[in-house]
Amino acid sequence: MKPAAKPSFVKAMLAVVWKDLTAELRSREVFSAMLIFALLVVLIFNFALELEAGTRASVTSGVLWVTFTFAGTIGLNRSMAQEKDRGCMDGLLMAPVDRSAIYLGKVIGNLLFMFAVEVVVIPLFSVLYNVNLLKPGLLLVVLLGSVGYSGIGTLLATMSVQTRTRDMLLPILLFPVVIPLVVAAVKASAGYLQALPMTDIQPWLTLLIVYDVIFLSVAWMVFDFVVEE
Amino acid sequence: MIHVRQLIKRFGPKVVLNKLAFDVSEGEFVALIGPNGAGKTTLLRILSSLAKPSLGEVSVAGFHLPGQAASVRQRLGVVSHLPLLYGDLSAAENLQFYGRMYHVSALDQRVKEVLQLVGLSHRAGDLVRTFSRGMQQRLAIGRAILHNPQVLLLDEPHTGLDQDACDMLDGVLRDVAVTGRTVVMTSHDFVRAQNLASRFDVLSRGKIVASTPANALSADGLQAFYRQSLEQA
């Protein structure tokens with residue numbers, strides 16, 4: 001019995017993405033939970049905040065990122081719980097692949113779920129709050145913020161899902177770590193909404209990029225240790 | 001094929017495996033029996049590279065653990081009491097996914113072969129969450145043998161199955177065993193294990209305390225041997 005060759009990093013990573021997307025297209029469990037939550041948050045804030053035109057631009061960026069952050073947490077929890085509940089995480093870890101390929105596959109899957117929710121929320125948000133969010137700069141901020149959030153969120157969800165209190169533990173672990181990311185995303189988003197000069201927005205964009213690079217690299221390197229018993 | 005010496009596994013202050021020695025030759029089918037908490041699952045988790053030994057020497061198919069874990073994983077199939085399958089994927093999709101993770105060549109053909117071997121060809125396109133426990137366990141065996149592993153580890157594969165499902169599972173396991181694979185199975189079902197295994201090892205308090213060829217004893221004799229081994233341990 002000759003053993004099969006070790007699969008390439010990219011093939012293993014894409015296999016994980018394919019698996020997550022195929023399963024999600026069937027169940028829509030992660031997407032629907034994230035979307036319903038996001039829509040509720042958007043609606044609640046819309047009725048709760050009587051916004052004047054002047055304050056709208058500064059407040060809506062905060063509401064937008066609260067929506068993405070909370071909905072993202074639900075998605076991360078569900079995505080990792082599916083791996084844990086039927087022992088599938090063990091099945092993944094026993095595959096002869098670089099474990100960082102599994103991590104990146106899960107990050108890409110979670111990121112795609114976030115993007116799917118954002119594609120629905122952003123136009124709706126624009127209508128309800130009467131602000132134009134479909135600006136290239138703002139969409140870049142959403143992209144950078146989502147990448148960083150999924151990157152560190154996937155790592156911490158992998159840790160929290162091992163515990164009995166996983167639903168509570170993930171936000172407790174995740175929110176302190178993503179504060180710099182969320183602050184930078186809110187500030188950069190507000191800058192684009194208020195049409196501030198690029199010199200005011202650039203530091204926040206730089207912080208987002210640096211955060212993404214550092215935390216994705218660290219998470220990639222430590223994932224193998226996190227999943228060790 | 002499997003070589004374990006002076007294996008110690010601790011969880012905090014608790015010693016689960018205590019200087020355990022264990023050898024399995026190529027093509028052997030060994031049944032590991034022992035009371036709950038004896039360390040059977042922990043031993044299998046170490047052999048499958050999911051847990052690291054605290055101390056001691058472990059090698060599978062000539063590769064040391066944990067240092068050469070990736071090489072061991074290529075040669076290893078594992079069936080646990082959890083199916084390790086995705087409920088929202090079909091039987092064929094589950095095998096295709098794991099086949100990609102193991103870089104199985106001619107994957108579509110191999111998936112068909114395996115589904116036929118475990119008697120699930122007619123349910124290939126059905127979602128796993130619609131399967132009975134017995135069907136899931138048969139598919140789990142299919143997943144474990146998909147990449148033609150040299151070594152198969154089975155952790156209480158009969159757990160939660162009714163008699164018919166157990167009989168069907170035994171049939172699949174016999175087919176798997178005759179292909180010359182090395183198999184280690186933990187079980188509490190002595191009668192079923194005796195029909196499958198070539199050797200019994202008794203594990204108690206983290207050590208192998210007795211060993212006997214499976215055909216050397218009757219079913220009653222095996223029960224008596226087991227009790228005597230535990231009393232003497």
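**Exercise 1. In which loop of chain B is B:Pro66 found?**

Solution. Keep in mind that we're working with a predicted model.
- Step 1: Look for B:Pro66 in the loop between β5 (63-65) and α2 of chain B.
- Step 2: Now check the bond in front of this proline. B:Leu65 and B:Pro66 are joined by a cis peptide bond, with omega at about 5°.
- Step 3: Put that in context: most peptide bonds are trans.

**Exercise 2. Find the phi sign of B:Lys19 and of A:Asn130, and say where each residue sits.**

Solution.
- Step 1: Start with B:Lys19, which is not a glycine and yet has a positive phi of about 50°. Its place is in strand β2 (residues 14-24) of chain B.
- Step 2: Go over to chain A. Just after α5(A) comes A:Asn130, with a positive phi of about 55°.
- Step 3: Compare with the general rule: most residues other than glycine have a negative phi.

**Exercise 3. Work out whether the length of α5(A) fits its residue count, then look for a kink.**

Solution.
- Step 1: α5(A) has 31 residues, and at 1.5 Å a residue it should span 45 Å.
- Step 2: The end C-alpha atoms of α5(A) are 43 Å apart, which agrees.
- Step 3: Now follow the helix along. There's a kink of about 25° in α5(A), and its centre is A:Glu118.

**Exercise 4. Describe how α1 and α5 of chain A meet.**

Solution.
- Step 1: Take helix α1 (residues 9-27) and helix α5 (residues 99-129) of chain A: their axes come within 8 Å and cross at roughly 35°.
- Step 2: For the handedness, α1(A) passes α5(A) in a right-handed crossing.
- Step 3: Pick out the contact residues. From α1(A) they include A:Phe9, A:Met13, A:Val17 and A:Leu21, and from α5(A) they include A:Leu104, A:Ile108 and A:Leu112.
- Step 4: Sort the contact by class, and you get 12 nonpolar, 2 polar and 3 charged residues.
- Step 5: A handy rule for reading such lists: an α-helix has 3.6 residues a turn, so residues three or four places apart point the same way.

**Exercise 5. Decide how α6(A) and α7(A) are oriented to each other.**

Solution.
- Step 1: Helix α6 (residues 136-160) and helix α7 (residues 166-193) of chain A pack at an angle of about 165°, and their axes are 9 Å apart.
- Step 2: Angles over 145 degrees count as roughly antiparallel, so α6(A) and α7(A) are roughly antiparallel to each other.
- Step 3: The crossing of α6(A) past α7(A) is right-handed.
- Step 4: Among the residues that meet are A:Val141, A:Tyr149 and A:Ile152 in α6(A) and A:Leu170, A:Val177 and A:Leu181 in α7(A). By class, this contact has 17 nonpolar, 6 polar and 1 charged residues.

**Exercise 6. Do the same for α3(B) and α4(B).**

Solution.
- Step 1: α3(B) packs against helix α4 (residues 107-117) of chain B at an angle of about 125°, with the axes 10 Å apart.
- Step 2: That angle makes α3(B) oblique to α4(B).
- Step 3: α3(B) passes α4(B) in a right-handed crossing.
- Step 4: B:Ala91, B:Leu95 and B:Gly99 are among the α3(B) residues here, and they meet α4(B) residues including B:Leu107 and B:Val111. The contact divides into 7 nonpolar, 2 polar and 1 charged.

**Exercise 7. Describe the side of chain B that touches chain A.**

Solution.
- Step 1: Count the residues: 31 of chain B are in contact with 26 of chain A.
- Step 2: α2 (69-74) and α3 (91-101) of chain B each supply at least two residues of this side. α3(B) gives the most, with 4 residues.
- Step 3: By class, this side of chain B has 15 nonpolar, 10 polar and 6 charged residues.

Notes. Residues numbered from 1 in each chain as written. Chains lettered and ligands numbered in written order. Predicted model: local features only at pLDDT ≥ 70, side-chain atom pairs only at ≥ 80, totals over all residues. Contact = placed C-beta atoms within 7 Å. Nonpolar A, V, L, I, M, F, W, Y, C, P; charged D, E, K, R; others polar. Axes fitted to C-alpha atoms, helices over the stretch in contact; angles between N-to-C directions. Left-handed = near helix turned anticlockwise from the far one by under 90°. Expected span 1.5 Å × (residues − 1). Bend = angle between axes of the 7 residues up to and from the residue. Parallel < 35°, antiparallel > 145°, perpendicular 65-115°, else oblique.
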